[in-house]
Amino acid sequence: MPEIDLSDLTQGGDGSPNLRAYLARPEGEGPWPGVVVAHEAFGVDEQMRLHADRMARAGYLTVVPDLYSDGGMLRCVRGVMRALSDGHGRAFTDLLAGREWLRAQPDCTGKVGVIGFCLGGGFAIAAAPDFDVSAPNYGFLPQDIQAVAARSCPMVASYGAKDRQLSGAANKLRGALYDARVPNDVKEYPHAGHSFLNEAPNGPKPLRVVLRAMGTGPHPESAADAWQRIEAFFAEHLGEEKGAEDSGGGFGGRHRGDSSGGIGEVRRPEANGANTSGHGANGQGTKDENLPEL
């Protein structure tokens, strides 16, 4: 699949002047919904391209903006992390450039979701108000998670219980989305750690031993279930069959404030901390006694 130039969409703004992106196109003829992939901290590597290719096989015109386009990972990662912490900045502009490029394509339906991994999972949460559906995977939560959730699009999120740096994140995210009445499917996998959706270890080779010792890396059983949930949720909220009367499955359209649709399904925070949506029994999470009962 080709690399595309998105710099026309960032000229004169605060985005990357030389923004590049990886493009994965479905087979056959469109139009298709679009998906923006927010990459891990290691950049647009083979694992991120595989994820994009998977979304394309599922029927989505998919782009992966390279948030390290101007300088590479070592020079850019700190700025990208700072943007995520601040909730604004170049990285957000670059991701939205991917969204705008997709919307402008004649073979895109105009509906665009975002999926993110690790660092990109944090962006998929923080930028959720700007998309039609979001799939953060082991993403860090913004400090103002309640405010972000109040404007969020429908969200399907996946975490690993062995991911120590994100302990409790699944329950906190689920609770915030529940309070905001946002349709969601948040699941924590008991046997998975960070980056469990990847097909192989990634990152600099000297770090892989350390990452493996921290429980980071593939967990195929959990990944299979997570992908099934992601694809089902995206089909529900990006599919053409939804129509104008039910755009997005939530409070209509791109975010809660839209008045074009109904409330849709707000998934209940289950007592065991997992979202039992009928996609397997791998997600028995930790119990959160503070979640409200319906």
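Buried, in these notes, means under 20% relative accessible area. By that cut-off, 55% of the 294 residues of the chain count as buried. I'm working from a predicted model here.

**Entry: overview**

I started with the inventory and found eight helices and eight strands in the chain. Next I looked up the accessible surface, which comes to about 12600 Å², with 49% of that belonging to carbon and sulfur atoms. I also wanted to know how far along the chain the contacts reach. Counting contacts with a separation of 6 or more, 68% are between residues 24 or more positions apart.

**Entry: the sheet**

In what order do the strands of the sheet run? I read off β1-β2-β4-β3-β5-β6-β7-β8, an open sheet of eight strands with mixed pairing. The edges are β1 (3-5) and β8 (184-189), each of which pairs on one side only. From one strand to the next the twist averages 20°.

I then went to the β8 end. β7 (residues 155-160) pairs with β8 in the parallel sense, over six bridges. For orientation in the viewer I noted that Val-156 stands opposite Asp-185 in β8, and that Gly-160 has Tyr-189 of β8 as its bridge partner.

Is edge strand β8 buried or exposed? I went through the strand and found six of its six residues buried, so β8 is largely enclosed by the rest of the structure. As a reminder to myself, side chains in a regular strand alternate between the two faces of the sheet. In β8, Asn-184, Val-186 and Glu-188 point one way, while Asp-185, Lys-187 and Tyr-189 point the other way. I made a note that the charged residues on that list, Asp-185, Lys-187 and Glu-188, are among the buried ones.

**Entry: helix α4 and the aromatic pairs**

I looked at what α4 (residues 119-126) lies across: β3 (32-38), β5 (108-117), β6 (133-137) and β7. Against β5 the helix runs at about 130°.

How many aromatic pairs does the structure hold? I get five. Phe-92 with Phe-123 is one of them: the ring centres are 5.0 Å apart and the planes sit at 65°, so I wrote the pair down as edge-to-face, the cut-off for that being over 60 degrees. Phe-92 belongs to helix α3 (residues 90-104) and Phe-123 to helix α4, so this pair links distant parts of the chain, 31 residues apart. Both Phe-92 and Phe-123 are buried.

I checked Phe-117 with Trp-227 next. That aromatic pair is tilted, at 6.3 Å centre to centre with 50° between the planes. Because Phe-117 lies in strand β5 and Trp-227 in helix α8 (residues 220-238), the pair ties together parts that are 110 residues apart in sequence. Phe-117 has a relative accessible area of 0%, and Trp-227 has 4%, so each falls under the 20% cut-off and is buried.

I also found a cluster, in which ring pairs link Tyr-138, Tyr-189 and Phe-196. Tyr-189 is the β8 residue I had already met opposite Gly-160.

**Entry: helices α1 and α8**

I ran a length check on α1 (residues 46-57). With 12 residues at 1.5 Å a residue, the helix should span 16 Å, and its end C-alpha atoms are 16 Å apart, which agrees. The buried residues of α1 are Gln-47, Met-48, His-51, Ala-52, Met-55 and Ala-56. What covers them includes β2 (20-24), β3, β4 (61-65), β5 and α8.

Helix α8 got the same check. Its 19 residues should span 27 Å, and I find its end C-alpha atoms 26 Å apart, which agrees. Its buried residues include Trp-227 from the tilted pair, along with Ala-223, Ile-230, Phe-233, Phe-234 and Leu-238. Polar and charged residues such as Ser-222, Asp-225, Arg-229 and His-237 are buried in α8 too. The buried residues of α8 pack against β3, α1, β5, β6, β7 and β8.

**Entry: a loop residue**

Last, I picked Asp-8, which lies in the loop between β1 and β2. Is Asp-8 buried or exposed? Its relative accessibility is 70%, so Asp-8 counts as exposed, given that the cut-off is over 50%. I also looked up Asp-8 against Ala-97: the two are 89 residues apart in sequence, and their C-alpha atoms are 9.0 Å apart in space.

Note on methods: Residues are numbered from 1 along each chain as its sequence is written. This is a predicted model: local features need pLDDT of at least 70, side-chain atom pairs count only at pLDDT 80 or more; totals for chains, interfaces and linings use all residues. Side-chain values use heavy atoms; hydrogens and water are left out. Helices (H or I, at least four residues) and strands (E, at least two) are DSSP runs, numbered from the N terminus. Buried means under 20% relative accessible area, exposed over 50%, partly exposed in between (1.4 Å probe, protein chains only). Contact means heavy atoms within 4.5 Å. Accessible areas come from the Shrake-Rupley method with a 1.4 Å probe; for residues, only the protein chains shown count as cover. Two strands pair if DSSP finds at least two bridges between them. Axes are lines fitted to C-alpha atoms, for helices over the stretch in contact, and angles run from 0 to 180 degrees between N-to-C directions. Rings of Phe, Tyr and Trp (its six-membered ring) pair if their centres lie within 6.5 Å; planes under 30 degrees apart count as stacked, over 60 as edge-to-face and the rest as tilted. The expected span of a helix is 1.5 Å times one less than its number of residues.
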